[in-house]
Amino acid sequence: MNSPTDYRIAVLAGDGIGPEVMRVALQVLDAVGRKFSRHFDHQAYPAGAQHFVDSGHALPESTLDACRASHAILFGAMGLPHVRGHDGTEIIPQLDIRFALDLYAGVRPIKTFAGLPIPLSNPLASEIDLVLVRENTEGLFYSRGRGVIEGDEAAYDTMKITRHGTERICDFALKLAQDRKALGGQGRVTSVDKANVFASMAFWRKIFEERAARYPEISTDSAYVDAMALNLVLKPWQYDVLVTENMFGDILSDLIASLVGGMGMAPSGDIGDDYALFQPAHGTAPDITGKGIANPTAMILSVAMMLQWLATRHDDAVLHAAAQCIESAVSRSFQEGGIRPFEFGGASGTQAIADAVIARL
Ligand code: ATP
């Protein structure tokens, strides 16, 4: 197969700091494209809470069609606290995209960067290198839009765990651990559940153990989510790949982002069998919007994740090199460039961080 040299990228910048971090991440993408002789035709499409206010649609069908017609999707952040649907919940089309394109694997890698302060004082914290794999299409989030309210007295949300959904997310995590092991990783997957309390979670654990048996070279174990919250603060460097249901994954994503200093450092991919979307793990951060101080690192590292995914999908080794080039430039910016984001108490703004990365590509 000949690899393409031109890639169509659908860009959904969204609300709040989404457009701010996206603008500079696209500068990085263009710069790396020039360096590696690849062309990224990135086109912006409307979606988000502000678009909902303007047009009555949070995620137009034409935007979804453009996503389907592109090689990959870059996503900023969506949602504004004052824009709410009739049931009081926020307008968050990122959840709709996950369901519409069946982006079942939420992949959240976390690594410490030399040169930046980290909240944990244990020196082993400099070795944190783990990936959280969050099931994206069922779990407790299945209940979104389906919650039942009985009068003004009670409300119910239902957790859905299926064999199909659990098998494919466990396989995704186990294969990811295989890939990481090939590059020197631990080769370990820890499933996170609450199997001591809920039938749905006992079912999850049973299926995880069934799938794990098919990967004898990967060491596997299960942990309760409450114990995992403790251990992710006490000894996060012990973990390699974590896999968990949707709601636990949502919560633990923020926890692991904090381990490396803040939301602005945590990239993510929402990956399915046919499509993939890459976005920073943070939200729209209304408190800092428009100030030029948002840390774009998570968005820039999400661009690198996109290039890795495209490289594998299209057998384009050049894109592997391009992704590594971005990751290395980000690392060196912090280690040797005197770059310190506002989030870390520094004075490097959104554009300054992107400029430092581009200078080191
Ligand atoms: P969501 O519900 O979409 O996750 P949220 O408001 O709960 O949104 P964030 O928008 O991620 O969460 O913001 C959480 C905190 O992290 C805020 O104080 C915000 O300013 C900060 N933050 C988030 N992203 C960044 C960033 N890229 N750079 C600097 N600070 C950030």
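This report describes the ligand surroundings and the packing of three helices in a predicted model.

## Ligand shell

The ligand is surrounded by residues drawn from several parts of the numbering: Ile17, Met263 and Gly264, then His282, Gly283, Thr284, Ala285, Asp287 and Ile288, and finally Ala294, Asn295 and Glu343. Sorted by class, this shell comprises five nonpolar, five polar and two charged residues.

## Polar pairs and burial

Which atoms of His282, Asp287 and Asn295 pair with the ligand? In the case of His282, an N or O atom of the side chain is 3.3 Å from a nitrogen atom of the ligand. Asp287 also uses its side chain, placing a polar atom 2.9 Å from an oxygen atom of the ligand. For Asn295, by contrast, the partner is a backbone N or O atom, which lies 2.9 Å from a nitrogen atom of the ligand.

Taken alone, the ligand exposes 610 Å², and the protein buries 63% of that area.

## Packing of helix α1

Helix α1 spans residues 18-36 and packs with helix α11, residues 350-360, at an angle of about 10°. The axes of α1 and α11 are 10 Å apart. Because angles under 35 degrees count as roughly parallel, α1 is roughly parallel to α11. The crossing of these two helices, α1 and α11, is right-handed.

Helix α10, residues 317-336, also packs with α1, here at an angle of about 130° and with the axes 10 Å apart. The helices α1 and α10 are therefore oblique to each other. Where α1 passes α10, the crossing is right-handed.

## Packing of α10 with α11

At what angle do α10 and α11 pack? The angle between α10 and α11 is about 115°, and their axes are 8 Å apart. Since the range from 65 to 115 degrees counts as roughly perpendicular, α10 is roughly perpendicular to α11. The passage of α10 across α11 is a right-handed crossing.

Methods. Residues numbered from 1 in each chain as written. Predicted model: local features only at pLDDT ≥ 70, side-chain atom pairs only at ≥ 80, totals over all residues. Heavy atoms only, no water. Near = heavy atom within 4 Å. Polar contact = N/O pair within 3.5 Å; in protein donor to acceptor, adjacent residues only side chain to side chain. Areas by Shrake-Rupley, 256 points an atom, 1.4 Å probe, with all protein chains shown as cover. Nonpolar A, V, L, I, M, F, W, Y, C, P; charged D, E, K, R; others polar. Axes fitted to C-alpha atoms, helices over the stretch in contact; angles between N-to-C directions. Helix = DSSP H or I, 4+ residues; strand = E, 2+ residues; numbered from the N terminus. Parallel < 35°, antiparallel > 145°, perpendicular 65-115°, else oblique. Left-handed = near helix turned anticlockwise from the far one by under 90°.
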